[in-house]
Amino acid sequence: MTAMIQPGQVELLPSVRQFLSGTKQLYIGGEWVDAANGSTFDTFDPATGERLTSVARGGPEDIDRAVSAARKAFNGGPWPTMKANERERLIWRVGDILSERAVEFGQLESLDNGKSAAVATAVDVAFAADVFRYYAGWATKVEGTTINVSMPFTPGQEFHAYTLREPLGVCGLIVPWNFPLMMSALKYAPALATGNTVVFKPAEQTPLTALLLAEVFEEAGFPPGVVNVVTGYGDAGAALSAHEDVDKIAFTGSTGVGKKIVEASMGNLKKVSLELGGKSANIVFADADLDSAVVGSLNAWLFNHGQSCVAGTRMFVEDKIFDTFTAAVADAASQVKIGPGLDPTTQLGPLISQQQFDKVTGYLEAGIADGARALTGGKRWGTEGFYVEPTVFVDVKPEFSIVEEEIFGPVVVAMPFNAADGVTEAANDSIYGLAAGIWTKDISKAHRTARQIKAGSVWINQYNGFDVAMPFGGYKQSGWGSELGATALDLYTQTKSVNIAL
């Protein structure tokens with residue numbers, strides 16, 4: 001590792017330094033192996049741009065090796081036939097190890113992604129651990145039903161009919177770089193609880209916690225081939241999506257890549273679930289608790305540096321409080337502490353990469369060129385690293401790119417609305433429908449507005465209100481299927497009907 005600890009930053013744990021030493025390998029069939037062609041790539045600290053370590057660059061040949069290992073583990077291995085309570089104990093153990101090593105995972109996530117190590121430890125790692133424990137409990141509760149069939153064309157005949165819920169087989173899991181560990185848990189846990197085997201492809205920008213998590217699966221005692229991890233670039237993800245021996249692809253990422261996943265899956269018509277982009281509406285009525293709404297609305301678009309698919313980046317504010325409220329949000333944003341994730345006082349870290357930095361600053365320039373006015377921010381911060389000032393735009397029009405398109409950075413556009421005219425038509429004017437926020441003291445207004453919003457998650461008098469038991473998925477081009485909660489089990493199982501003539 002070449003990254004240096006700066007004054008004011010916490011010291012890295014020895015285990016983190018040890019993990020970063022040497023080239024990281026792929027995890028296939030219970031063994032740590034080099035990429036088939038021997039190639040590697042470097043991963044970098046977004047706070048400084050400095051190299052962290054080298055990682056094996058897996059490609060299509062490595063995906064084929066991993067799929068073969070997963071298929072062998074599913075067809076002939078102990079995993080699908082293992083007693084449910086034994087799978088439960090193994091998956092629960094993963095959650096416990098994550099909790100035990102939370103600071104280690106949090107620091108590594110911070111180095112790889114740029115986010116606050118304190119937040120990564122307290123939020124990302126803690127939530128991931130809870131996800132594993134939640135779905136560990138479901139391993140013993142995946143059940144079929146008995147059905148009293150009628151079948152009128154067989155008079156006098158008796159039948160015994162029932163259904164079975166069975167695992168799909170080999171599941172390809174592909175996650176993005178914004179919440180690497182958390183997104184891993186959302187896919188791993190239900191897939192494993194229902195008896196599937198897995199080939200996991202992390203984002204090339206953030207491969208490190210995925211590899212550390214593979215060590216946790218190994219430590220917990222998972223049989224070889226049940227979990228396989230291939231790090232690499234888009235060619236590896238494309239090969240996994242198109243592989244004829246993969247039964248399911250679960251993907252989180254951009255809507256554009258999601259469409260490519262669907263196209264690639266058509267060869268064997270594998271099942272696909274998608275959690276995609278968003279341009280979420282955050283609606284503030286004049287009767288809201290405005291102090292809470294300012295804090296919550298700031299968190300809606302600044303959490304994780306704005307690199308969140310659910311970010312409330314379209315802020316609709318009732319006209320009678322628009323100027324006062326947006327000024328308060330802008331003032332709060334201007335006071336946010338910007339810095340590296342290893343600084344415990346940091347509130348806003350860097351963007352993930354030079355590419356993402358260029359994208360976000362390009363949107364800032366486009367917004368200003370279109371006529372938007374920045375109440376605060378509007379440019380990069382500092383001279384090194386991928387930092388962008390938190391930016392509040394007003395004087396925007398619906399056709400502006402900063403209003404229509406997902407920026408994935410610390411940028412919000414604020415628009416006034418008149419209560420008599422309503423707000424939901426404007427809020428729903430998007431190709432996306434992932435999340436929304438509503439701020440009001442009127443409970444009837446809150447319920448009515450929530451029903452009218454076309455989004456998979458609606459949070460009232462809060463934002464980012466996630467819970468492991470609450471389904472999470474999108475409307476429109478924000479995805480297919482719902483993760484979290486009991487509904488996620490449907491993504492990784494198939495139903496078999498059995499009808500016996502007695």
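Author: Welcome! One definition first: helices (H or I, at least four residues) and strands (E, at least two) are DSSP runs, numbered from the N terminus. Please keep in mind that this is a predicted model.

Reader: Where is Phe408 found?
Author: Phe408 is not a glycine, although its phi is positive, at about 65 degrees. Along the chain, its place is the loop between helix H13 (401–404) and strand S16 (411–417).

Reader: And is Phe408 buried or exposed?
Author: A residue is called buried under 20% relative accessible area. Phe408 has a relative accessible area of 15%, so Phe408 is buried.

Reader: Which loop holds Leu484?
Author: Leu484 has a positive phi of about 65 degrees, although it is not a glycine. Its relative accessibility is 1%, and therefore Leu484 counts as buried. Its loop is the one between strand S23 (482–483) and S24.

Reader: In what order do the 3 strands of the open sheet come?
Author: The pairing in this sheet is antiparallel. Its edge strands, each pairing on one side only, are S5 (146–147) and S24 (493–501). That leaves S6 in the middle of the order, which reads S5-S6-S24.

Reader: What is the bridge partner of Phe159 in S24?
Author: Strand S6 covers residues 159–167, so to speak, and 9 bridges join S6 to S24. The two strands run antiparallel. For Phe159, the bridge partner in S24 is Ala501.

Reader: How many residues of strand S7 are buried?
Author: Strand S7 spans residues 170–174. On one side, Val170, Gly172 and Ile174 are buried, and on the other, Cys171 and Leu173 are buried too. Both faces are covered, and the count of buried residues in S7 is 5 of 5.

Reader: Which residue of S8 is the bridge partner of Val170?
Author: S7 is joined to strand S8 (residues 197–201) by 5 bridges. These two strands run parallel. The partner of Val170 in S8 is Thr197.

Reader: Which residues does UniProt list for "domain: Aldehyde dehydrogenase"?
Author: The listing comes from an unreviewed UniProt entry. In the model, this stretch is 37% helix and 21% strand, with its end C-alpha atoms 42 Å apart. The stretch listed for the domain is residues 32–498.

Reader: Which residue does UniProt list for "active site"?
Author: The residue in question lies in strand S11 (residues 271–275). Its relative accessible area is 2%, so this residue is buried. Beyond its neighbours within four places in sequence, its contacts include Cys309, Phe472 and Glu483. The unreviewed UniProt entry lists Glu275.

Reader: How much space lies in the largest cavity?
Author: The search of the whole structure finds 4 cavities of 30 Å³ or more. The largest of them is lined by 17 residues, and Arg314, Ala427, Tyr432, Ala435 and Lys454 lie nearest its centre. Its space comes to about 90 Å³.

Reader: Which strands each supply at least two residues of that lining of the largest cavity?
Author: By class, the lining has 8 nonpolar, 4 polar and 5 charged residues. The strands that each supply at least two of its residues are S17 (432–433) and S18 (435–439).

Reader: In which strand does Ala281 lie?
Author: Ala281 has 3% relative accessibility and therefore counts as buried. Leaving aside neighbours within four places in sequence, its contacts include Arg314, Ala427 and Ala435. Those three are also among the residues nearest the centre of the largest cavity. The strand of Ala281 is S12 (residues 281–284).

Reader: Which element gives the most to the lining of the second largest pocket?
Author: This pocket has a volume of about 330 Å³. Two elements, helix H5 (117–138) and helix H10 (290–302), give two or more residues to its lining. With 4 residues, the one that gives the most is H10.

Reader: Which residues lie nearest the centre of the second largest pocket?
Author: The lining divides into 8 nonpolar, 7 polar and 2 charged residues. It holds 17 residues, and those nearest the centre are Asn299, Leu302, Phe303, Asn304 and Gln347.

Reader: Last one: is Glu318 buried or exposed?
Author: Glu318 is found in strand S13 (residues 314–318). Apart from neighbours within four places in sequence, Glu318 is in contact with Val284, Phe285, Ala286, Phe417 and Ala419. Its relative accessible area is 6%, so Glu318 is buried.

How values were computed: Residues are numbered from 1 along each chain as its sequence is written. This is a predicted model: local features need pLDDT of at least 70, side-chain atom pairs count only at pLDDT 80 or more; totals for chains, interfaces and linings use all residues. Side-chain values use heavy atoms; hydrogens and water are left out. Two strands pair if DSSP finds at least two bridges between them. UniProt positions are given in the numbering used here, feature names are shortened, and annotations may be inferred rather than shown by experiment. On a 1 Å grid over the protein atoms alone, a cavity is a set of points where a 1.4 Å probe fits but cannot get out, and a pocket is an open set with protein on both sides within 12 Å along at least five of seven lines; lining residues have an atom within 4 Å of a point. Grid points are joined across faces, edges and corners, and a volume is the space filled by probe spheres set on the points. Ala, Val, Leu, Ile, Met, Phe, Trp, Tyr, Cys and Pro count as nonpolar, Asp, Glu, Lys and Arg as charged, and the others, Gly among them, as polar. Buried means under 20% relative accessible area, exposed over 50%, partly exposed in between (1.4 Å probe, protein chains only). Contact means heavy atoms within 4.5 Å.
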